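Work through the following exercises with the sequence and the model at hand. Each task is followed by a solution that proceeds step by step.

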Amino acid sequence: MTIDSLIDTVLDREGGYVNHPADRGGETRFGITAAVARANGYDGPMCSFPVERARALYRRLYWEAPRFDAIAAHAPGLAAELFDSGVNMGPAVAAAFLQRALNALNRGATDYPDMPVDGRIGAVTLAALAAFLKRRGAGGEAVLLKAIEALQGERYVALAERRPANEAFLYGWLANRTG
């Protein structure tokens, strides 16, 4: 697993230009919304947004900035899931899933202290992850992944319940983004 292979997977899944009427994100190309492209200096038509700019944005905004690369040093499969969740829901949401799961799995703060759920990966989150993996061993990453996928699935269902137009996406989200 490398960030380049993760980006390739996202590019394959997201496809080219899309402007689905039910998608609040509006126009996208390679999964990058017009808002993200514009905020990062692109001013051309989204149907012409270059794949190399998409790759660079995925690496910078969805891997390096949220520090999922630091997670990969401890748990590569977990980092891959956080990256994918971050692409779809935002990196802060994915990071908060990790923090919530770590807090819930620390056996009443006996394995490591609870942390604030702020959606930012820092020294406290990384220390909790290292302590969790040390305590739980090889199976720990798989359990943590299940917890994060459960949180992700619940969020998708809640999004569809709150906004019926999101039902157009729910099946695909659950089929392609969880488990």
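Buried means under 20% relative accessible area, exposed over 50%, and partly exposed in between, with a 1.4 Å probe and protein chains only. This is a predicted model, in which local features need pLDDT of at least 70 and side-chain atom pairs count only at pLDDT 80 or more, while totals for chains, interfaces and linings use all residues. Residues are numbered from 1 along each chain as its sequence is written, and side-chain values use heavy atoms, with hydrogens and water left out.

**Exercise 1.** Determine which residue forms a salt bridge with glutamate 52.

*Solution.* A salt bridge requires a side-chain nitrogen of Lys or Arg within 4 Å of a carboxyl oxygen of Asp or Glu. Glutamate 52 meets this rule with arginine 55, their closest N and O atoms being 3.5 Å apart. Next, consider accessibility: arginine 55 is partly exposed because its relative accessible area is 25%, whereas glutamate 52, at 52%, is exposed. Finally, Asp8 joins Glu52 and Arg55 in a network of salt bridges.

**Exercise 2.** Establish where arginine 13 and aspartate 84, which meet in a salt bridge, lie in the chain.

*Solution.* The side chains of arginine 13 and aspartate 84 approach to 2.6 Å, N to O. This pair links distant parts of the chain, since arginine 13 belongs to helix H1 and aspartate 84 to helix H5, 71 residues apart; helices here are DSSP runs (H or I, at least four residues), numbered from the N terminus. As for accessibility, aspartate 84 is buried at 8%, while arginine 13, at 32%, counts as partly exposed.

Notes: Helices (H or I, at least four residues) and strands (E, at least two) are DSSP runs, numbered from the N terminus.
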